[in-house]
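Q: Hi! Could you walk me through this one while I have it open on my screen?

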Amino acid sequence: MPISIRIPTPLRKLTQEKDTVHASATTVQGVINDLNRQYPGLQDRLCDEKGDLRKFVNIYLNDEDIRFAQGKDTPVKDGDEISIIPAIAGGAL
């Protein structure tokens, strides 16, 4: 059973409008690499020119923010679910 990745609406044009895609890897970085192989350009939307996750991109592994784990080195296994969540900011009360 591969790793399932939930794709937010703004990135679906890169995944042929799929809301869930699958990857095989042992770390979150490996998932990003595999996704970029399958859907070219996706990595550029997730990572900056240094390869770090963009500040407005949050990645959750089974409901846990990877920034509080090992970041992109966080291990993953078959059956895990990753959610890519773009940060929302702005507005006024």
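A: Happy to; we can take the sheet, the core, the cavity and a couple of backbone oddities in turn. Keep in mind that this is a predicted model.

Q: Great. How many strands form the sheet, and in what order?
A: Five strands form an open sheet, in the order S2-S1-S5-S3-S4, and the pairing is mixed.

Q: Which strands stand at the edges?
A: S2 and S4 stand there, each with a single partner strand, so one side of each has no neighbour in the sheet.

Q: Which strands run parallel?
A: S1 and S5 run parallel, joined by three bridges. If you want a pair to click on, Arg6 has Ser83 in S5 as its bridge partner.

Q: And how do S3 and S5 pair, parallel or antiparallel?
A: Antiparallel, over five bridges. Here Asn58 is bridged to Ile85 in S5.

Q: What about S3 and S4?
A: Those two also pair in the antiparallel sense, over two bridges. Tyr60 has Asp65 in S4 as its partner.

Q: Is S3 mostly covered or mostly open?
A: Mostly covered: S3 spans residues 57-61, and four of its five residues are buried.

Q: Let's go inside, then. Which residues touch the most other members of the largest nonpolar core?
A: That core has 22 residues, and the ones touching the most other members are Ile5, Val31, Leu35, Leu46, Ile59, Ile82 and Ile84. The elements that give two or more residues to this core are S1, S2, H1, H2 (42-46), S3 and S5. H1 gives the most, with four residues.

Q: I'm looking at Leu46. What does it touch?
A: Leaving out residues up to four places away in sequence, Leu46 touches Leu11, Ile32, Asp52, Leu53, Arg54, Val57 and Ile84.

Q: Any empty space in there? How many cavities of 30 Å³ or more does the structure hold?
A: One. About 40 Å³ of space lies in it.

Q: Which residues line that largest cavity?
A: The lining is made by Ile5, Val28, Val31, Ile32, Leu35, Leu46, Ile59, Ile82 and Ile84. Helix H1 (28-38) and strand S5 (81-86) are the elements that give two or more residues to the lining, and H1 gives the most, with four.

Q: How do the lining residues divide into nonpolar, polar and charged?
A: Nine are nonpolar, with no polar and no charged residues among them.

Q: Switching topic: backbone. Which residue in the loop between S1 and S2 should I look at?
A: Try Glu17, which sits in the loop between S1 (3-6) and S2 (20-23). Glu17 has a positive phi of about 70° although it is not a glycine.

Q: Why point that out? What sign of phi do most residues other than glycine have?
A: Most residues other than glycine have a negative phi.

Q: Fair enough. Is Glu17 buried or exposed?
A: Exposed, with a relative accessible area of 56%.

Q: And where is Asn62?
A: Asn62 is in the loop between S3 and S4, and it has a positive phi of about 50° although it is not a glycine. The hairpin of S3 and S4 has two residues between the strands.

Q: How accessible is Asn62?
A: Asn62 has 36% relative accessibility, which counts as partly exposed.

Q: Lovely, thanks!
A: Any time!

How values were computed. Residues are numbered from 1 along each chain as its sequence is written. This is a predicted model: local features need pLDDT of at least 70, side-chain atom pairs count only at pLDDT 80 or more; totals for chains, interfaces and linings use all residues. Side-chain values use heavy atoms; hydrogens and water are left out. On a 1 Å grid over the protein atoms alone, a cavity is a set of points where a 1.4 Å probe fits but cannot get out, and a pocket is an open set with protein on both sides within 12 Å along at least five of seven lines; lining residues have an atom within 4 Å of a point. Grid points are joined across faces, edges and corners, and a volume is the space filled by probe spheres set on the points. Ala, Val, Leu, Ile, Met, Phe, Trp, Tyr, Cys and Pro count as nonpolar, Asp, Glu, Lys and Arg as charged, and the others, Gly among them, as polar. Buried means under 20% relative accessible area, exposed over 50%, partly exposed in between (1.4 Å probe, protein chains only). Two strands pair if DSSP finds at least two bridges between them. A nonpolar core is a set of buried Ala, Val, Leu, Ile, Met, Phe, Trp, Tyr and Cys residues joined through side-chain atoms within 4.5 Å. Contact means heavy atoms within 4.5 Å.
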